[in-house]
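Good morning, and thank you for the opportunity to speak. I shall present one structure today and go through it site by site. Please look at the display before we begin.

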Amino acid sequence: MNNNKKNFNAYFFVILGLMFLAAWMFRGLSGQETDYTKGELTENLEKGEVIEAVIQPNKETPTGVARIFLKSGEERTLYVTDIQGLEEELRSFGLDPQVRDIPRENWFMTSIFPILLVLVVGVFFFVMMNAQNSGGGGGSAKMMNFGKSRARLTLDNKVTLKDVAGLQEEKEELEEIINFLKEPGKFTKVGARIPKGVLLEGAPGTGKTLLAKAIAGEASVPFFSISGSDFVEMFVGVGASRVRDLFSDAKKHSPCIVFIDEIDAVARRRGTGMGGGHDEREQTLNQLLVEMDGFGVNEGIIVLAATNRVDILDPAILRPGRFDRKITVSAPDVKGRREILGVHSQNKPLAEDVNLEQIAQTTAGFTGADLENLMNEAAIHAAMDNRAFVKQEDIKKSFIKVGIGTEKKSRIISEKEKRITAYHEAGHAILFHVLPDVGPVYTVSIIPTGLGAAGYTMPLPEKDEMFLTKGKMLQEIMVSLGGRIAEEIIFDDITTGASSDIKKATKTARRMVTRYGMSDHIGVINYDDDDDEVFIGRDLAHAKSHSELIAGEIDQEVREIIGDCYGRAKAIIAEHEEILHRCAQMLLEKEKITRDEFESLFDKKQAGQEVSLEKI
Ligand code: ADP
Ligand code: MG
Ligand code: ZN
């Protein structure tokens with residue numbers, strides 16, 4: 001309420017201001033400055049200095065202005081309150097004042113002009129709002145609906161999961177939501193609780209928006225979509241009232257989906273803004289949280305939100321009963337890319353020489369949006385060439401354009417880089433698998449993450465363990481070093497790609513020595529200068545709690561731990577070189593492999609050995 005009012009007031013004042021301006025202009029146009037008093041006139045008359053007088057009566061009142069011409073050649077303007085009296089006075093001095101006609105109403109200035117002004121102002125706001133609304137299909141922009149949600153409501157959504165290629169895991173995770181939206185009753189009957197909010201996280205262009213739309217289409221429910229930035233306006237309180245409005249609309253259309261794209265625009269961590277004062281955004285976020293807490297679990301509204309910056313989101317939105325489900329939408333692997341290319345070449349006649357498999361293979365790191373763009377560019381290229389079909393050549397040419405386009409240089413990965421990454425990740429993976437206290441491997445991928453990593457090896461989410469053992473920490477160090485070791489074994493050369501691995505290993509080793517008392521030489525003493533503190537001046541403000549001598553010993557000890565782990569890890573990888581090759585090969589083929597696929601490599605090894613034994 002309050003916010004709505006505030007918001008209304010802001011606009012009210014703008015318009016009021018404009019009206020004052022108009023009034024001021026009127027005054028300037030029809031009024032006249034007076035610079036003469038009745039007393040002065042009488043004086044001049046008595047002295048016989050007045051030659052002529054012209055009286056201009058006003059329209060409605062018996063007042064007016066008189067222009068008095070003096071002997072000296074000067075001209076004065078007098079405000080007259082009693083025209084008849086003035087006339088008589090002038091006559092008594094022998095003058096014959098001219099009295100002009102009462103002016104005809106200046107119909108333009110008094111009636112047309114204000115209307116025109118209001119119209120202009122109105123049109124101005126209307127245009128402004130429509131501009132902000134651009135892309136909106138609804139076109140329901142009413143004047144003064146600033147507090148209305150800007151959400152676009154799509155009722156006849158034709159996008160379904162068929163239009164979303166790849167993203168198999170993501171789709172499976174969303175299955176339950178689709179089922180719920182189709183038949184909420186089935187779930188509520190057995191008292192099942194369905195998540196209220198699902199956060200889709202992933203690099204731009206990976207298909208988050210598409211996926212959200214497809215869910216609504218698949219369940220055939222209304223789809224409200226709004227972008228986080230639509231909430232953030234120049235007027236305080238607009239965001240919050242828009243959120244309120246959005247949810248009250250949504251409730252009327254339940255079951256339905258509310259999709260908030262780029263939620264990071266509103267849901268940034270609160271209270272961290274430089275210099276504080278992001279009141280508006282905080283209010284909006286608070287309102288969003290209030291709304292999400294407010295509607296019942298099974299009211300049939302599911303809020304989907306998308307972001308590519310999950311790291312900057314306010315943790316409050318991830319609490320149970322809000323966005324309690326997070327789905328990572330990842331860049332496609334070869335198979336996914338092949339499927340996406342399929343979807344986007346459906347309405348494009350392809351020449352026989354087009355080999356989508358090959359295109360898929362050479363576009364590692366491309367997102368769905370990049371691939372869509374690629375096919376589109378190719379089609380444009382074909383049209384420019386006056387052809388009605390797309391040739392492989394067109395795609396190849398566009399590949400360079402799309403891949404090298406703004407800020408995407410890193411997207412094109414050379415075969416060699418891919419090979420190195422494959423061996424690097426295979427090195428990590430083997431150690432995860434072989435070492436007893438770490439792993440098992442859940443996925444291995446050589447698809448660039450878009451965050452600077454060329455690939456990743458992910459262990460199964462660990463169980464919560466109270467203690468880290470020394471053995472486990474050493475194994476973790478070994479796993480971290482595995483990538484670099486594999487590069488070294490295979491390529492006889494090393495890359496800069498392992499820098500974060502090395503940092504991680506060093507950090508673990510240092511903690512073992514300075515915090516956990518796990519080194520023989522240094523003993524059970526804490527030399528760790530509470531490095532949990534997030535404070536830039538930390539090292540300057542805190543005196544070291546130990547001497548330079550000890551510092552040297554700590555370094556020595558850390559070096560030994562790392563060296564030791566390196567040696568042991570290298571031995572293990574060398575022993576499994578066969579698997580290393582096979583794993584790298586599999587990665588180069590599939591780009592992303594699952595636990596089962598990875599573990600099958602170890603079975604094959606035995607099978608392979610049997611074969612080779614037979615030969616001997
Ligand atoms: P995001 O919201 O993650 O930034 P979008 O959903 O807006 O990405 O994707 C942009 C476009 O890229 C889509 O409209 C679609 O044409 C294409 N695209 C992305 N991912 C896929 C996919 N998995 N299958 C088919 N097309 C895709
Ligand atoms: Mg999007
Ligand atoms: Zn690594």
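I start with ligand 1, where a polar side-chain atom of H344 lies 2.8 Å from a nitrogen atom of the ligand. Please keep in mind that this is a predicted model. How much of the surface of ligand 1 does the protein bury? Taken alone, ligand 1 exposes 560 Å², and the protein buries 80% of that.

Two further polar contacts belong to this site. In the side chain of K208, an N or O atom is 2.8 Å from an oxygen atom of ligand 1. The backbone also takes part: a polar backbone atom of T206 is 3.3 Å from an oxygen atom of the ligand.

Let us now consider the whole shell. There are 17 residues around ligand 1, and those that come nearest are A165, G205, K208, T209 and H344. By character, the shell divides into eight nonpolar, six polar and three charged residues. Which helices each supply at least two residues of this shell? They are α7, covering 208-219, α11, covering 334-344, and α13, covering 368-384. You can locate these three helices on the display and follow how they contribute to the surroundings of ligand 1.

The second site is the metal. The zinc ion, which is ligand 3, is coordinated by NE2 of H424, NE2 of H428 and an OD atom of D501, at 2.0 to 2.1 Å. Along the chain, these donors follow the spacing H-x3-H-x72-D. Where do the two histidines, H424 and H428, lie? Both are in helix α15, residues 415-434, and they are four residues apart, about one turn of the helix. H424 and H428 are both buried.

Let me stay with H428 for a moment. Its relative accessibility is 7%. The cut-off for buried is under 20%, so H428 counts as buried at 7%. Leaving aside neighbours within four places in sequence, H428 is in contact with T457, V479, S480, G482, G483 and D501. One of these, D501, is also a donor to the zinc ion.

I turn next to two other buried residues. Q392 is in helix α14, residues 392-404. Is Q392 buried or exposed? It is buried, with a relative accessible area of 6%. Not counting residues up to four places away in sequence, Q392 touches D353, V354, N355, Q358 and I359.

The other residue is F295, placed in the loop between α10 and β9, the latter being 301-307. At 1% relative accessibility, F295 counts as buried. Beyond its neighbours within four places in sequence, F295 is in contact with K196, F247, K251, I301 and V303. Consider K251 in particular: F295 and K251 are 44 residues apart along the chain, and their C-alpha atoms are separated by 8.7 Å.

I now come to the backbone. A cis peptide bond joins S254 and P255, with omega about -5°. P255 is in the loop between α9, covering 238-252, and β8, covering 256-261.

Which sign does phi have at E262 and at E591? E262 has a positive phi of about 50°, although this residue is not a glycine. For E591, also not a glycine, phi is positive as well, at about 70°. E262 is in the loop between β8 and α10, the latter spanning 279-294. E591 lies in the loop between α20, covering 577-590, and β13, covering 592-594. Their exposure can be stated too: E262 is partly exposed, with a relative accessible area of 43%, whereas E591 counts as buried at 0%.

Finally, the chain as a whole. How many helices and strands are there in the chain? There are 21 helices and 13 strands. Of the 616 residues in the chain, 41% are buried. The accessible surface comes to about 34000 Å², and carbon and sulfur atoms account for 55% of that surface. Among contacts with a separation of 6 or more, 72% are between residues 24 or more positions apart.

To close, I would ask you to find two places again on the display. The first is ligand 1, with the side chain of K208 2.8 Å from one of its oxygen atoms. The second is the zinc ion, with H424, H428 and D501 coordinating it. Thank you for your attention.

Note on methods:
Residues are numbered from 1 along each chain as its sequence is written. Chains are lettered from A and ligands numbered from 1 in the order in which they are written. Side-chain values use heavy atoms; hydrogens and water are left out. Buried means under 20% relative accessible area, exposed over 50%, partly exposed in between (1.4 Å probe, protein chains only). Donors are N, O and S atoms within 2.8 Å of the metal (3.2 Å for Na, K and Ca); water is not among the atoms, so sites may look incomplete. A residue is near a molecule or strand if one of its heavy atoms lies within 4 Å of it. A polar contact is a pair of N or O atoms within 3.5 Å; within protein, one must be able to donate a hydrogen and the other to accept it, and residues adjacent in sequence count only if both atoms are side-chain atoms. Accessible areas come from the Shrake-Rupley method with a 1.4 Å probe; for residues, only the protein chains shown count as cover. Ala, Val, Leu, Ile, Met, Phe, Trp, Tyr, Cys and Pro count as nonpolar, Asp, Glu, Lys and Arg as charged, and the others, Gly among them, as polar. Contact means heavy atoms within 4.5 Å.
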